[in-house]
Amino acid sequence: MRLVFAGTPEVAVPALDALLASDRHEVVAVVTRPDAPAGRGRRLVASPVAQRAEEAGIEVLKPVKPRDEDFLARLREIAPDCCPVVAYGALLPKVALDIPARGWVNLHFSLLPAWRGAAPVQHAVLAGDEMTGASTFLIEQGLDSGPVYGVLTEQVRPTDTSGDLLTRLAFAGAGLLAATMDGIEDGTLRPVPQPAEGVSLAPKIEVEDARIDWAAPALRVDRVVRGCAPAPGAWTVFRGERLKVKSVRLVTDRTDLAPGEIAATKNAVFAGTGSHAVELLWVQPQGKKPMAGADWARGVRIAAGEQFEA
């Protein structure tokens, strides 16, 4: 099939690579989000998918909105058979969905209908799911509601951050998407409607969602820290300034600290929660680089009974 691949971030690159390596299909163009400011200089930088496509010598389309007439006209000229999608980052209007003969097929990082939305991996970690996966489905106008072509499962490990889990799913999912293209092309795959029950939503995690509630149980604190890593990053407030909490360890035998109360020893720093304490393994003070929790505690000289702000 002639394919136009749509995707934007680094997590979409393995799938693009898998399709470029296929001897059954031809990726004739890529659709991605426009160049965006990045780095300290805030200069415009092409998306990871755009950079990979340019390396491969493939045409790159960067519509501000996928309903732009120039973009739609060019897509009609290209006349793709199918448009595989991974984390493109914009809603596709029906006029665009109708152009490829075999539709737009999305690789979504959950076991649909669970965790429909922008942040399925983060919500799986936040919810304490023990199993997640990836699904390929035919895009409809609803939110991740289209019929499913294929699935794979992936165990959520106890120490997984969202970044860890998403990386594994990106590479495993690349194979699933390539296999889905094969099955669509040779007629062996038919999409199956999603069940009406078991639907859950996974909206984007905002910065305020990543604030640690020290009155919550330690297990919840750990999930927020892992679920919000690497972005937007779990955080708390210490002496009026934001402190990012990069990783923690559950300390089940220490229950003497009130929620948010901090205690430092020579080699470790602990914080109380609504159940037992957690050890702050890595933190990042405002305007500084990440550092070991114990090093941070020595530098700020924690006072007896001092607490993170509620």
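Let's start with how this chain is held together: of its contacts with a separation of 6 or more, 65% are between residues 24 or more positions apart. Keep in mind as you look around that this is a predicted model. The chain has 310 residues, and 50% of them count as buried. Its secondary structure consists of eight helices and 15 strands. Taken along the principal axes, the C-alpha atoms fill a box of roughly 70 × 45 × 30 Å.

Now for the outside. The accessible surface of the chain is about 14900 Å², and carbon and sulfur atoms contribute 52% of that. As for charge, the chain carries 34 positive and 38 negative charges, and the mean positions of the two sets lie 6 Å apart.

A good place to zoom in is helix 1, which covers residues 13-20. Its buried residues are V13, P14, A15, L16 and L19. What do they pack against? Their partners are strand 1 (2-7), strand 2 (26-31), helix 2 (48-55), strand 6 (83-86) and helix 6. Helix 6 itself spans 162-186, so you will need to move well along the numbering to find that partner of helix 1. Just after helix 6, in the loop that leads to helix 7 (218-227), you will find L201. This leucine is exposed because its relative accessible area is 54%, and the cut-off for exposed is over 50%. Together with L143 and V199, L201 forms a nonpolar patch on the surface, and the three share about 270 Å² of accessible area.

Follow the chain on past helix 7 and look at the backbone. The loop between helix 7 and strand 10 (235-238) holds P230, and P232 is placed in that loop too. The peptide bond from A229 to P230 is cis, with omega near 10°. Another cis peptide bond joins A231 and P232, where omega is about 5°.

Two arginines also deserve a look for their backbone angles. R42, in the loop between strand 3 (36-38) and strand 4 (43-45), has a positive phi near 55° although this residue is not a glycine. R239 sits in the loop between strand 10 and strand 11 (241-251), and its phi is likewise positive, near 50°. Are these arginines exposed or partly exposed? R42 counts as exposed because its relative accessibility is 54%, above the 50% cut-off. R239, at 45% relative accessibility, counts as partly exposed.

Methods:
Residues numbered from 1 in each chain as written. Predicted model: local features only at pLDDT ≥ 70, side-chain atom pairs only at ≥ 80, totals over all residues. Heavy atoms only, no water. Helix = DSSP H or I, 4+ residues; strand = E, 2+ residues; numbered from the N terminus. Buried < 20%, exposed > 50% of the residue type's maximum accessible area, 1.4 Å probe, protein only. Contact = heavy atoms within 4.5 Å. Areas by Shrake-Rupley, 256 points an atom, 1.4 Å probe, with all protein chains shown as cover. Lys, Arg positive; Asp, Glu negative; His and termini not counted. Charge placed at Lys NZ, Arg CZ, Asp CG, Glu CD. Patch = residues over 30% accessible without salt bridge, like charges linked within 9 Å, V, L, I, M, F, W, Y side chains within 5 Å. Salt bridge = Lys/Arg side-chain N within 4 Å of Asp/Glu carboxyl O.
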